[in-house]
Amino acid sequence: MIRNVVLDMGNVLLDFNPEFVLNEFCSSGEEKAVIRKELFEGPEWWMGDRGDIKDKDRFDLVKVRVPEKYHKALRNCADHWDICMKPLKGAEEFCKRVKNEGYGIFVLSNASDLFYEYFPKFLPLSFFDGVFVSSDYLMLKPELKIYNRFLEKFGLKADECLFVDDREENVMGAIKAGMNGFCFKGDYDAVFESCGNLT
């Protein structure tokens, strides 16, 4: 029986959309391409999510690979990328429904330290029964150890949890840890249908 719904954050609750950021701060297609590749697809992004670096350190590490003429845009993108992290339509209502229907509600997200600045603007951390941010524990989804550590921290049984993520590899990681998994494609009602099918 599903007793707990465990939610990824990016593209499940909030809209992680680098293109929005690039469009806001870049003035040419070439500038966007360079910054997309080096900032959002570069190793420092995952280093931030794993807790190896802080968000504030990212610009200095990335700029060595970016032409100086793009440094102003890079700085803006690196310092203000979270402007895209707006709630997805229906996300707040979904979270409240999860809670109202008696499920435990948790967040398990790959995220850097900036999480604690933008996420509480969506819902206060105290709304959730537990929040687990990868950078606090120096590990990342879909590594098996992050799911095990999450379950251990909150005293949850894997088979009583439904893990919801937009990335298939992260869902498969949760399944390997004994959790139930759901790959989110924008349909919150389908999450509840999945909960019912697993009871």
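The dialogue below walks through pockets, backbone geometry and aromatic contacts in a predicted model.

User: How should I read empty space in this model, and what volume does the largest pocket have?

Analyst: The general idea is that rolling a probe the size of a water molecule over the atoms shows where empty space is left. In this predicted model, the largest pocket has a volume of about 480 Å³. Of the 26 residues that line the largest pocket, those closest to its centre are F16, W45, W46, D49 and R167.

User: Which elements give two or more residues to the lining of the largest pocket, and what classes of residue does the lining have?

Analyst: The elements that do so are α1 (18-25), α2 (29-40), α3 (43-50) and α9 (168-176), and α3 gives the most, with three residues. By class, the lining of the largest pocket has eleven nonpolar, nine charged and six polar residues.

User: Where does the backbone depart from the usual geometry, and what is the usual geometry?

Analyst: Most residues other than glycine have a negative phi, and most peptide bonds are trans. Against that background, K141 and P142 are joined by a cis peptide bond, with omega about 10 degrees, and P142 lies in the loop between β5 (130-133) and α8 (144-154). That loop between β5 and α8 also holds L138, a residue other than glycine whose phi is positive, near 60 degrees. Elsewhere, N11, which is not a glycine, has a positive phi of about 65 degrees, and N11 is found in the loop between β1 (4-7) and β2 (14-15).

User: Is N11 buried, partly exposed or exposed, and which of these words fits K141?

Analyst: The relative accessibility of N11 is 27%, so N11 counts as partly exposed. K141, by contrast, is at 4% relative accessibility and therefore counts as buried.

User: What does the side chain of K141 reach, and with which side chain does it make a polar contact?

Analyst: The side chain of K141 reaches the backbone oxygen of L108 at 3.0 Å, and it makes a polar contact with the side chain of D165 at 2.8 Å. K141 itself lies in the loop between β5 and α8.

User: How is a pair of aromatic rings described, and how many aromatic pairs are counted here?

Analyst: A pair of aromatic rings is described by the distance of the centres and the angle of the planes. The count for this model comes to 20 aromatic pairs. In one of them, the rings of F94 and Y188 have their centres 4.7 Å apart and their planes at 25 degrees, so the pair is stacked. Because F94 lies in helix α6 (residues 91-100) and Y188 in helix α10 (residues 188-197), the pair ties together parts that are 94 residues apart in sequence. Both F94 and Y188 are buried.

User: What are the distance and angle for F115 and Y116?

Analyst: F115 and Y116 form an edge-to-face pair, at 5.2 Å centre to centre and with 80 degrees between the planes. F115 counts as buried because its relative accessibility is 0%, whereas Y116, at 36% relative accessibility, counts as partly exposed. Ring pairs also link a cluster whose members include F16, F40, W45, W81, F115 and Y116.

User: Which residues lie over the rings of W45 and F192?

Analyst: R58 lies over the face of W45, at 4.3 Å from the ring centre. The charged end of R97 sits over the ring of F192, 3.7 Å from its centre.

Key:
Residues are numbered from 1 along each chain as its sequence is written. This is a predicted model: local features need pLDDT of at least 70, side-chain atom pairs count only at pLDDT 80 or more; totals for chains, interfaces and linings use all residues. Side-chain values use heavy atoms; hydrogens and water are left out. On a 1 Å grid over the protein atoms alone, a cavity is a set of points where a 1.4 Å probe fits but cannot get out, and a pocket is an open set with protein on both sides within 12 Å along at least five of seven lines; lining residues have an atom within 4 Å of a point. Grid points are joined across faces, edges and corners, and a volume is the space filled by probe spheres set on the points. Helices (H or I, at least four residues) and strands (E, at least two) are DSSP runs, numbered from the N terminus. Ala, Val, Leu, Ile, Met, Phe, Trp, Tyr, Cys and Pro count as nonpolar, Asp, Glu, Lys and Arg as charged, and the others, Gly among them, as polar. Buried means under 20% relative accessible area, exposed over 50%, partly exposed in between (1.4 Å probe, protein chains only). Rings of Phe, Tyr and Trp (its six-membered ring) pair if their centres lie within 6.5 Å; planes under 30 degrees apart count as stacked, over 60 as edge-to-face and the rest as tilted. A charge sits over a ring if NZ of Lys or CZ of Arg is within 6 Å of the ring centre and within 35 degrees of the ring normal. A polar contact is a pair of N or O atoms within 3.5 Å; within protein, one must be able to donate a hydrogen and the other to accept it, and residues adjacent in sequence count only if both atoms are side-chain atoms.
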